[in-house]
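These are my notebook entries on one structure, written down in the order in which I looked things up. I began with the contact between chains and then turned to single elements and residues.

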Amino acid sequence: MRRVFVSGLVVTMLGALFVFGLLRGQPDRDIPSNLIGRTSPAFALPLYEHYAAAFGPVLDLEAHRGRPMIINFWASWCGPCYEEAPHLERIWQRYQDDVLVIGIQTQDRDARAAGRAFIDRFGLSFPNAIDNDSRVSITYGLFGVPETFFVKADGTVMHKHAGPVTEAMMTERIEAMLR
Amino acid sequence: MTRLRTSRSLAPLAWLALLALLALAPAAAAQEQELDPRVFEIANELRCPTCVSESVGQSNAAIAREMRTLIQEQLETGANRAEVLVFFQERYGDWILLDPPKRGVNLALWLLPVAAALGGLTMLGVLLRRWRAAGAAHVEADPADVARVRAVLGATDVGGPAEEDDEPWRT
């Protein structure tokens, strides 16, 4: 009887572990960022000509401190980046008075041409810059693309999301930042 | 004929492409050769963020190449190995180190196999003691059963135990 109980317990525990593994979601979404709770690193990156009139040729993060930001890293070869681009544009259209959305193109070979095609395809009106040498990506501890950082008005990084973002998910984060 | 003509017209292009490759390859190699050997020593301690099971020293990914350049720049400004590792650790956490410090979850991962081995050995010891104790225990046999066994053994003529045997069930 005792043996049956112990065997049952072991099988139940292994089953629970298996179910936990299945339900815990995609592990790459959970890679923690060392920047959470710390000031988002400063950078100054060249912008695409589309945004010169509104932001100038270079986007200097320091010049925009004081308002919440969404910093999104993308690449033209990245499938999920195509998925999330319309969501980012909609968020920008809705919150541009309160939140700055920044796109940063990184890890792209034919960066300029591919970047322009990507921006034009989705009509991205929020500022998009190029991180040609991946320096800013390294500074932000980037693992891949897309990755998105949510920065509070005081400059501290509140959250990092690896993988495509959605409008609903960003809305929730923005409302928390604006509260 | 058309195909031949096309391949002939493409031949100079192919030669140009080959020459361009030959010209670019040593340039890229030279760029890597200019790096301080210490760069690769440090880079081999770092995990490439965008690769699978490759160090920054081994990977040819753009981000890994840039990280090597960054290490070179830091060494040139006088940073030592530990300071360079801390620079990357501050950005990527312990994950970036191929030999992460043994603390927190990492420590648990190190201790778990040792604990499992100790648990297994303890369990084996307990079971062995139990088996040995069970083997040495005196078993009271029913005299009627003993008589039946003796009768069978006697009938088959295999030689039974002595009358005064302390352990009549053993043959």
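**Entry 1. The interface**

I looked up the area buried between chain B and chain A and found about 1300 Å², of which carbon and sulfur atoms give 56%. In chain B, the residues that lose the most area to chain A are Glu66(B), Arg91(B) and Tyr92(B), together 42% of what that side buries. I note here that the model is a predicted one. I recorded the residues in the contact as 15 from chain B and 13 from chain A.

I then asked how many salt bridges the rule finds across the interface of chain B and chain A. The number is 2. For polar contact across the same two chains, the rule finds 6 residue pairs, both residues being at pLDDT 80 or more. On the side of chain B that touches chain A, H3 and H4 of chain B each supply at least two residues. The largest share of that side, 6 residues, comes from H3(B).

**Entry 2. Glu66(B)**

I went next to Glu66(B), which sits in helix H3 of chain B, residues 62-76. Is Glu66(B) buried or exposed? I count Glu66(B) as buried, because its relative accessibility is 14% and the cut-off for buried is under 20%. I also listed its contacts, leaving aside neighbours within four places in sequence: Glu66(B) touches Asp133(A), Arg135(A) and Ile138(A).

**Entry 3. The pair Glu73(B) and Arg135(A)**

I found a salt bridge between Glu73(B) and Arg135(A), with the closest N and O atoms 2.8 Å apart. I checked both partners for accessibility. Glu73(B) counts as partly exposed at 34% relative accessibility, and Arg135(A) counts as partly exposed at 21%. Arg135(A) is also one of the residues in contact with Glu66(B).

**Entry 4. Helix H4 of chain B**

I tested the length of helix H4 of chain B, residues 81-92. Its 12 residues should span 16 Å at 1.5 Å a residue, and the end C-alpha atoms are 17 Å apart, which agrees. I then asked which residues of H4(B) are buried. They are Val84(B), Leu85(B), Phe87(B), Phe88(B), Gln89(B), Arg91(B) and Tyr92(B). The cover over these buried residues includes helix H5 (135-139) of chain A, and helix H2 (37-43) and H3 of chain B.

I looked at both ends of this helix. At the start of H4(B), a side-chain oxygen of Asn80(B) comes to within 3.2 Å of the backbone nitrogen of Ala82(B). Just after H4(B), Gly93(B) has a positive phi of about 80 degrees.

**Entry 5. Helix H4 of chain A**

I ran the length test on helix H4 of chain A, residues 111-122. For its 12 residues, 1.5 Å a residue gives an expected span of 16 Å, and the end C-alpha atoms lie 17 Å apart, which agrees. The buried residues of H4(A) are Ala111(A), Gly115(A), Phe118(A), Ile119(A) and Phe122(A). Seen down the axis of H4(A), these buried residues fall within an arc of 95 degrees, so they line one face of the helix. The face turned away from the buried side carries the exposed residues Asp120(A) and Arg121(A).

What covers the buried residues of H4(A)? I noted that the cover includes strand E3 (69-74), helix H3 (79-95), strand E4 (100-106) and strand E5 (128-131) of chain A. Just after H4(A), Gly123(A) takes a positive phi of about 55 degrees.

**Entry 6. Other salt bridges**

Over all chains, I recorded 11 salt bridges in the structure. One of them joins the side chains of Arg90(A) and Glu167(A), at 2.6 Å from N to O. This pair links distant parts of the chain, with Arg90(A) in helix H3 of chain A and Glu167(A) in helix H6 (residues 167-178) of chain A, 77 residues apart. Arg90(A) counts as partly exposed at 39% relative accessibility. I also found Arg90(A), Arg94(A) and Glu167(A) linked in a network of salt bridges.

The side chains of Arg65(A) and Glu62(A) meet in a salt bridge as well, at 3.1 Å from N to O. Arg65(A) is partly exposed, with a relative accessible area of 26%, and Glu62(A) counts as partly exposed at 43%.

**Entry 7. Cys51(B)**

Last, I located Cys51(B) in the loop between H2 and H3 of chain B. Leaving aside neighbours within four places in sequence, I found Cys51(B) in contact with Ser59(B) and Ala61(B). The C-alpha atoms of Cys51(B) and Ile63(B) are separated by 9.6 Å, the two residues being 12 apart along the chain.

Note on methods
Residues are numbered from 1 along each chain as its sequence is written. Chains are lettered from A and ligands numbered from 1 in the order in which they are written. This is a predicted model: local features need pLDDT of at least 70, side-chain atom pairs count only at pLDDT 80 or more; totals for chains, interfaces and linings use all residues. Side-chain values use heavy atoms; hydrogens and water are left out. Helices (H or I, at least four residues) and strands (E, at least two) are DSSP runs, numbered from the N terminus. Buried means under 20% relative accessible area, exposed over 50%, partly exposed in between (1.4 Å probe, protein chains only). Contact means heavy atoms within 4.5 Å. The expected span of a helix is 1.5 Å times one less than its number of residues. A polar contact is a pair of N or O atoms within 3.5 Å; within protein, one must be able to donate a hydrogen and the other to accept it, and residues adjacent in sequence count only if both atoms are side-chain atoms. The arc is that of the directions from the helix axis to the C-beta atoms. Buried area is the accessible area (1.4 Å probe) that two parts lose on being put together, summed over both. A salt bridge is a side-chain nitrogen of Lys or Arg within 4 Å of a carboxyl oxygen of Asp or Glu.
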